[in-house]
Structures are given as C-alpha cells and as structure tokens.
Amino acid sequence: MPTKTHVLTSSRLARRVLSSSLMKAATTPHGVGRYVEMIDPLWSDTEVRAVVTEVVAKTSDSVTLTLRPNRNWKGFRAGQFVRLSVEIDGIRRTRCYSPANSQFRRDGHLELTVKVDPNGLVSPFLQANAKPGLVVQLSQAQGEFYLPLPHPRSILLISGGSGITPVMSMLRTLTEKAYIGKITFLHYAFTEGDVIYRAELDAIKAKYEGVRIIRAYTVQNTGGELHGFFCKEHLVAADQHYAEAETYLCGPMPLMDSVREIYEAEGLSGKLHLEQFAAPIRSVSTEDAEGTLAFSTTGTSVENTGRTILEQAEDAGLNPEYGCRIGICFSCVRKKDSGTTRNVLTGDLCSDNDINIKLCVNAPVGDVSIDL
C-alpha cells in the first residue's frame, strides 16, 4: 500500500507534465499549444474540437453521437450542418452532418445522428468505434437551410430517412421556443422501425396541439398515416393548406425531386426550402473524355475518364480531403493550375488558370493540371 507521500494526485500530475512540456517547448520547434493538447485534447486556439459524451443506436443502421464542443464553437441555427472530421488509418476524413438538437439546447452539446452506409468509410467507422472520450474536429455551422426570423405562421416539414435530422432540429427548436404557429411534419421511412426519432415524435404529437405528425411508410403497409411514395395526394392529406406554408425539405433525391416537381408545377418554388446531401444527377456525359489529368504536387498523371476530378484522383490512389461530394461544403477545394473544367451539375465551363475549384463537382475537359 503506497504511503501518502508516494501518491500523486491527478491535478498535481497534470501540472508537472504541463510544466515539463512547457520547458521542452522553449527548446523545440513546436509551440506551447502542442503540449497543452497533451493535457486537454479539446484545447485549440482556433479549431473547433468536440468530445463524444454519449453514443446511442436509435435504429439498427444509425448511430447517434452527443458531442461537447470546445469554446471555439459559435453555435448553429436549426437546419444548418457541420463538417465532422475523424482520423482513419492515419488520414483525416470529413463528412457533413446536421445537428438534430434544438439550437437552444441548454448544455451547449450537439446531437448528430449518422445513417450508416455499409459501403461508406466514416459512418461505419463511427458506428464501430465512437465511444465516450473520442475527440473529433468540427467546422463552424454552415448552410442556408434554416428557419428565418420572424418564424412563418405555418410551417411544413418534409423529410425522408436520415434527412430527418435538420428538420428534427427545426421541430425541437420551435417547440422549445413555444412557437404558436402551425407545424406539420411529414416523414418517410421504409418501415416503422426505420423512424429514427419515433418515440420522441409520438411524445411531441401528444404534447403539442399545434403540431401534426404524419408518418409515411414506403414498404410497410400497416401502421402510420400514409403508405407508398410521395405524391400530390400525400401532400394534401398531410396539409391541405400547404400552399400557405413555408416548406422545409430534406431527404433522398427521389423524394426531393417529387416534391420539387409539384411545387414548380403550382408556382410555389419560392415557398420550398431544401437541404441536399445526396449526390445529384450529372448533366454531362463521360463518353467523349480526352486529355490528361495531372496532379502537380504528387507528380501523378492519368488519362482523363470524364469522371469528376475527385473520383479520378481517388482512382489514381490519391486521398484528397472531401466532405459532401455534392459541392456544398468546400472541403475538396483545390487550385487548378491550368486547363478547362466543366461543372457536372450545371455544365458550365471554366478556363481560368490559378483558380480554386471544387474537385467533387468538376471534371476535366482536355488537359488539366490540379495542385494536388
């Protein structure tokens, strides 16, 4: 049994390590911050870092993380997203996720629910490895998908699958703020068991008279309020006064396309607000691709296949950073040294040199050199 004089408290040990580290910092190329991080992994002058405090599996194919960010975090508006970065096999990987909690959550923590893609990289890693104590890096909140001030008097929320997270944040924010307008929440899932926030939605429906929850199951033929895929009949059944509401939409592309078509046909596009985290359909062909795509930093060159620069870089064995893969998060921006590129979403050409471009939504047209 050690005597009291041999026992070193954790606080004394931390001070001793820090003191020793600071002395080393004075005689090494590393700054003091490098050693402070040894004591507190969340510490940073500029970076937003967060520690996982809780991990819950709300469905079999999702993982919900509760995160405590450091003091660099500036908060978010319900509906916005963050870029989360983790290190996998020595490489930092970044993906975009929308906080699902109210923007007014009192403890300042974030809740991120991640739908696990079995063919993905980051989501399976988080499902298998995320535990309390894991430290991740976050961006500040981004995106223009959020509730305006003052709030509309009538709000229609439409989501599908994991697209529930940003609109769930909106719903939680509105109910926590005692919003007195009308809210309709139309959510699509394969079955009842695939509804990530099923129990909480039931509780909200029972508690708030001004909130109408409509669940539509696309595979399950029983339970819920609607069955099958989105259509005009579903829209009217959910809210017969939908034309008067501001509509906020997030989900898979087929759902979003169906909603867009109806709103455009009825001249209501100005009332439809959406968040898109699925890969968009490309508007250009890869059949007539020619030229060479050069990566000037690594000295690697490949024959142009017509795919996006990000995809061709990955095919060449490179590991450029990316987040959304749909051109909204700016994680994959790199400098184009020379050549012409085409935006695969719009078809627009860019022949300017020494200009930053997004690798995930641009493809080479002829010879192109990228600083990568």
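Here are some worked exercises on this predicted model.

## Exercise 1: An open sheet

Find the order of the strands in the 6-stranded open sheet, and work out which of them stand at the edges.

*Solution.*
Step 1. Start with the order, which reads β10-β9-β8-β7-β11-β12. The pairing in this sheet is parallel.

Step 2. Now look at the two ends of that order. β10 (226-227) and β12 (272-275) each have a single partner strand, so one side of each has no neighbour in the sheet. These two are the edge strands.

Step 3. Zoom in on one pairing. Strand β11 (residues 246-250) runs parallel to β12, and 4 bridges join them. One residue pair to look up is Thr-247 with its bridge partner in β12, Leu-272.

As background, strands of a sheet pair through backbone hydrogen bonds, either parallel or antiparallel.

## Exercise 2: The neighbours of β18

Describe how strand β18 (residues 362-370) is covered, and how β13 and β15 run beside it.

*Solution.*
Step 1. Begin with burial. Of the 9 residues in β18, 7 are buried, so the strand is mostly covered by the cut-off of under 20% relative accessible area.

Step 2. Take the parallel neighbour. Strand β13 (residues 292-295) is joined to β18 by 3 bridges. Here Leu-293 has Val-368 as its bridge partner in β18.

Step 3. Take the antiparallel neighbour. Strand β15 (residues 333-343) is joined to β18 by 7 bridges. Lys-336 stands opposite Ile-370 of β18.

## Exercise 3: Salt bridges

How many salt bridges are counted in the model, and which parts of the chain does the pair Arg-172 and Glu-200 tie together?

*Solution.*
Step 1. The count comes to 19 salt bridges. In general, side chains of opposite charge can pair when their charged atoms come close.

Step 2. Check the distance for the named pair. The closest N and O atoms of Arg-172 and Glu-200 are 2.5 Å apart.

Step 3. Place the partners. Arg-172 belongs to helix α4 (residues 164-176) and Glu-200 to helix α5 (residues 198-207), so the salt bridge ties together parts that are 28 residues apart in sequence.

Step 4. Compare how they are covered. Arg-172 is buried at 12% relative accessibility, while Glu-200 is partly exposed at 28%.

## Exercise 4: A pair and its network

Follow the salt bridge of Asp-202 to its partner Arg-215, then find the network that includes them.

*Solution.*
Step 1. In this salt bridge between Asp-202 and Arg-215, the closest N and O atoms are 2.4 Å apart. The pair links distant parts of the chain, with Asp-202 in helix α5 and Arg-215 in strand β9 (residues 211-217), 13 residues apart.

Step 2. Asp-202 is partly exposed, with 37% relative accessibility. Arg-215 is buried, with a relative accessible area of 9%.

Step 3. For a pair within one helix, turn to Asp-257 and Arg-260, whose closest N and O atoms are 2.7 Å apart. Both lie in helix α7 (residues 253-265), 3 residues apart, which is about one turn of the helix. Asp-257 is partly exposed at 26% relative accessible area.

Step 4. Return to the network: Asp-202, Lys-205, Arg-215 and Glu-225 are joined into one by salt bridges that share partners.

## Exercise 5: Backbone and surface

Locate the cis peptide bond that leads to Pro-150, the positive phi angles of Asp-89 and Ala-178, and the negative surface patch.

*Solution.*
Step 1. Recall the background: most residues other than glycine have a negative phi, and most peptide bonds are trans.

Step 2. The bond from Leu-149 to Pro-150 is cis, with omega near -5°. Pro-150 sits in the loop between β6 (135-138) and β7 (154-160).

Step 3. Asp-89 has a phi of about 55° and is found in the loop between β3 (82-88) and β4 (91-97). Asp-89 is exposed, at 77% relative accessibility.

Step 4. Ala-178 has a phi of about 60°, in the loop between α4 and β8 (182-189). Ala-178 is exposed too, with a relative accessible area of 55%.

Step 5. Finally, the negative patch is formed by Glu-287, Asp-288, Glu-290, Glu-303 and Asp-367. Glu-303 lies in strand β14 (residues 300-303) and is exposed at 60% relative accessible area.

Note on methods: Residues are numbered from 1 along each chain as its sequence is written. This is a predicted model: local features need pLDDT of at least 70, side-chain atom pairs count only at pLDDT 80 or more; totals for chains, interfaces and linings use all residues. Side-chain values use heavy atoms; hydrogens and water are left out. Buried means under 20% relative accessible area, exposed over 50%, partly exposed in between (1.4 Å probe, protein chains only). Two strands pair if DSSP finds at least two bridges between them. Patches are made of residues with over 30% relative accessible area and no salt bridge: like charges are joined within 9 Å, nonpolar side chains (Val, Leu, Ile, Met, Phe, Trp, Tyr) within 5 Å. Accessible areas come from the Shrake-Rupley method with a 1.4 Å probe; for residues, only the protein chains shown count as cover. A salt bridge is a side-chain nitrogen of Lys or Arg within 4 Å of a carboxyl oxygen of Asp or Glu. Lys and Arg count as positive and Asp and Glu as negative; His and the chain ends are not counted. The place of a charge is taken as NZ of Lys, CZ of Arg, CG of Asp or CD of Glu.
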